[in-house]
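Subject: Structure handover and findings

Hello,

Here is the structure we talked about. Please open it first, then read my notes below.

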Amino acid sequence: MKKFIYLLFFVTTFSFSQNAFMEYQFEAKKGTQSAILALTDEYWGDVEFKSGGINIEAMKIGNENSTHRIVLYGDPANWGRTDSTSSADKWKVFSHKLNNHIEKWTHSSSGNVISWVGENDDYKYVQIYEFKASDPSAFKAAHDKLVSAMSPSLKGEIGFGSYEIGGYKGASHWVAITAKNWSDLIVTRRNMKELLNKEWEQYYKNRGTVEHIRNYTANTAKRY
């Protein structure tokens with residue numbers, strides 16, 4: 001995963017249509033999360049970004065290969081940090097220290113954020129669905145209609161996007177749903193299905209064929 005070192009340095013220091021993301025998943029050595037967050041605080045804690053930001057997320061349920069991931073997101077036409085204080089030497093030191101706490105890099109991908117509804121920084125728990133959509137346009141139309149019906153009672157956030165590079169086991173798209181914690185996620189999903197039973201039926205009917213790849217949960221440990 002040495003490619004991560006050079007690619008991430010490039011996108012955090014330079015610029016390259018609307019929001020996109022890159023993620024780097026890894027297996028951390030046991031008991032090292034606090035040390036990892038201390039390092040990322042030191043390197044990214046005071047940084048202002050031209051757009052978007054960076055999340056450090058801890059995997060919770062369903063991702064058997066990774067314990068954490070680093071997610072970089074923003075407008076790829078206006079990417080990177082606003083300052084010029086970062087240097088190759090500082091990055092080299094940071095990445096060397098970071099790798100001391102990592103057992104192995106497990107997966108990486110990038111793609112587009114097609115839609116994101118809601119805004120609540122307190123909702124740091126997220127469930128991510130990864131799948132292959134046979135008809136992306138039909139899926140987006142069905143997804144948008146269902147989310148519109150949910151919006152009046154939506155407290156968290158719902159995101160939808162595509163994988164352009166490295167979708168896990170060929171996944172073409174993803175949906176992300178945020179909550180306060182695991183119990184809030186389960187209760188909210190249950191209530192939405194009971195409240196919007198007909199809307200869910202139409203969603204499944206109109207979205208086209210979908211092949212589920214996996215779904216898992218994560219908790220945002222740090223946001224920059």
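Which elements do the buried residues of α5 pack against? They pack against β5, α4, β7 (173-179), α6 (197-206) and β8. One caution before the rest: this is a predicted model.

**Helix α5**

Helix α5 covers residues 182-195, which makes 14 residues. From first C-alpha to last, α5 reaches 20 Å, close to the expected 20 Å at 1.5 Å a residue. Its buried residues are D184, L185 and M192. Viewed down the helix axis, these fall within an arc of 100 degrees, so they line one face of α5.

**The chain as a whole**

The chain has six helices and eight strands. In sequence order the pattern is α-β-α-β-β-α-β-β-α-β-β-α-α-β. The radius of gyration is 18 Å, and the globule rule gives 17 Å for 224 residues, so the chain is as compact as a globular protein of that length. Along the principal axes, the C-alpha atoms fill a box of roughly 55 × 35 × 30 Å. Of the 224 residues, 47% are buried.

**Helix α4**

Now to α4, one of the elements that the buried residues of α5 pack against. Helix α4 has 15 residues. Its C-alpha span, first to last, is 21 Å, close to the 21 Å expected at 1.5 Å a residue. The buried residues of α4 are F139, A142, H143, L146, V147 and M150. Around the axis they cover an arc of only 130 degrees, which puts them on the same side of the helix. The face turned away from that buried side carries the exposed residues S137, K145 and S148.

Helix α4 also holds a salt bridge, between K140 and D144. The closest N and O atoms of that pair are 2.6 Å apart. How far apart are K140 and D144 along the helix? They are four residues apart in α4 (residues 136-150), and about one helical turn separates them. Neither end is buried: K140 is partly exposed at 31% relative accessibility, and D144 is partly exposed at 29%.

**Salt bridges**

The salt bridge count comes to six. Besides K140 and D144, two pairs deserve a look.

E23 pairs with R69, with the closest N and O atoms 2.6 Å apart. E23 sits in strand β1 (residues 20-28) and R69 in strand β3 (residues 68-74), so this salt bridge ties together parts that are 46 residues apart in sequence. Are the two ends buried or exposed? E23 is buried, with a relative accessible area of 0%. R69 is at 9%, and that counts as buried too.

R214 pairs with E130, at 2.4 Å from N to O. Why does this pair join distant parts of the sequence? R214 lies in strand β8 (residues 210-223) and E130 in strand β5 (residues 125-133), so the pair ties together parts that are 84 residues apart in sequence. Both R214 and E130 are buried. Strands β5 and β8 are also among the elements packed against by the buried residues of α5.

Salt bridges can share partners as well. Through such sharing, E23, E57 and R69 are joined into one network.

**Two loop residues**

S66 is in the loop between β2 (53-59) and β3. At 6% relative accessibility, S66 counts as buried; the cut-off for buried is under 20%. What does the side chain of S66 meet in a polar contact? It meets the side chain of T106, at 2.6 Å. Leaving aside neighbours within four places in sequence, S66 is in contact with Q25, F26, M59 and T106.

K169 is in another loop, the one between β6 (158-165) and β7. K169 is not a glycine, yet its phi is positive, at about 50 degrees. Is K169 buried or exposed? K169 is exposed, with a relative accessible area of 61%.

That covers what was found.

Best regards

How values were computed
Residues are numbered from 1 along each chain as its sequence is written. This is a predicted model: local features need pLDDT of at least 70, side-chain atom pairs count only at pLDDT 80 or more; totals for chains, interfaces and linings use all residues. Side-chain values use heavy atoms; hydrogens and water are left out. A salt bridge is a side-chain nitrogen of Lys or Arg within 4 Å of a carboxyl oxygen of Asp or Glu. Buried means under 20% relative accessible area, exposed over 50%, partly exposed in between (1.4 Å probe, protein chains only). The expected span of a helix is 1.5 Å times one less than its number of residues. The arc is that of the directions from the helix axis to the C-beta atoms. Contact means heavy atoms within 4.5 Å. A polar contact is a pair of N or O atoms within 3.5 Å; within protein, one must be able to donate a hydrogen and the other to accept it, and residues adjacent in sequence count only if both atoms are side-chain atoms. The radius of gyration is taken over C-alpha atoms; the globule rule is 2.2 Å times the number of residues to the power 0.38.
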